[in-house]
Amino acid sequence: MNEVEIDVHEIAGISFSERSKYYSIKPKGAGTVYVESLASYTERLALNHNVKFDNLCEDIMKEFERDRSIVKSHYKSKVTLNGNSYTVECFVRSLAPKVGNIDLRPLTLLHLKDIIPTRAVLKKEEYWC
């Protein structure tokens with residue numbers, strides 16, 4: 001018997017967005033000044049996937065494991081993940097396509113990189129206002 005392949009998407013004119021590796025969760029407060037931080041977003045993503053924060057961060061940054069300029073402690077720390085370092089930039093670049101190309105830069109201080117110095121901006125521990 002002859003097998004015939006039919007592309008249902010082509011016939012029906014249906015288009016689907018590219019699959020994402022992780023759930024496509026919208027950042028809380030997106031588009032406002034009250035947008036959640038990248039650390040908060042990543043923590044929610046880890047909770048939704050039922051994995052530890054550190055394990056999710058390692059998976060996100062796999063493609064940069066040979067880049068010696070990336071400091072592992074920077075992306076494993078919830079505090080420094082909100083900064084404007086090169087490591088944070090790589091983290092955002094790696095995570096965005098994995099969650100459906102959501103713009104994650106507003107969740108960090110990357111947009112203030114030319115104004116705020118990369119070093120000594122964030123405290124070493126978590127603080128509550």
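User: Before we start, how are buried and exposed defined here?
Analyst: Buried means under 20% relative accessible area and partly exposed is the range in between, using a 1.4 Å probe and protein chains only. Exposed means over 50%.

User: And what kind of model is this?
Analyst: Residues are numbered from 1 along each chain as its sequence is written, and side-chain values use heavy atoms, with hydrogens and water left out. Local features need pLDDT of at least 70, side-chain atom pairs count only at pLDDT 80 or more, and totals for chains, interfaces and linings use all residues, since this is a predicted model.

User: OK, Glu63 and Lys98 meet in a salt bridge; which of the two is exposed?
Analyst: A salt bridge here is a side-chain nitrogen of Lys or Arg within 4 Å of a carboxyl oxygen of Asp or Glu, and this one comes in at 3.7 Å, N to O. The pair links distant parts of the chain, 35 residues apart: Lys98 sits in helix 5, Glu63 in the loop between helix 3 and helix 4 (72–76). Helices are DSSP runs (H or I, at least four residues), numbered from the N terminus. Lys98 has a relative accessible area of 14%, so Lys98 is buried; at 53%, the exposed one is Glu63.

User: Which residues are linked with Asp59 in a network of salt bridges?
Analyst: Asp59 lies in helix 3 and is buried, because its relative accessible area is 16%. Its closest N and O atoms with Lys62 are 3.2 Å apart. Leaving out residues up to four places away in sequence, Asp59 touches Lys21, Tyr22 and Lys98 (contact means heavy atoms within 4.5 Å). The network partners of Asp59 are Lys21 and Lys62.

User: Are Arg44 and Glu36 buried or exposed?
Analyst: Their side chains meet in a salt bridge at 2.6 Å, N to O. Side chains of opposite charge can pair when their charged atoms come close. Both Arg44 and Glu36 are buried.

User: Now the largest nonpolar core: which helix gives the most to it?
Analyst: A nonpolar core is a set of buried Ala, Val, Leu, Ile, Met, Phe, Trp, Tyr and Cys residues joined through side-chain atoms within 4.5 Å. This one has 26 residues, and Leu95 is one of those touching the most other members. Helix 2 (38–49), helix 3 (53–60) and helix 5 (86–98) each supply at least two residues. With six residues, the top contributor is helix 5.

User: Last one: how many disulfides does the structure hold?
Analyst: A disulfide needs a pair of cysteine sulfur atoms within 2.5 Å. Cys57 is buried at 0% relative accessibility, and Cys90 is buried at 0% too. The disulfide count is zero.
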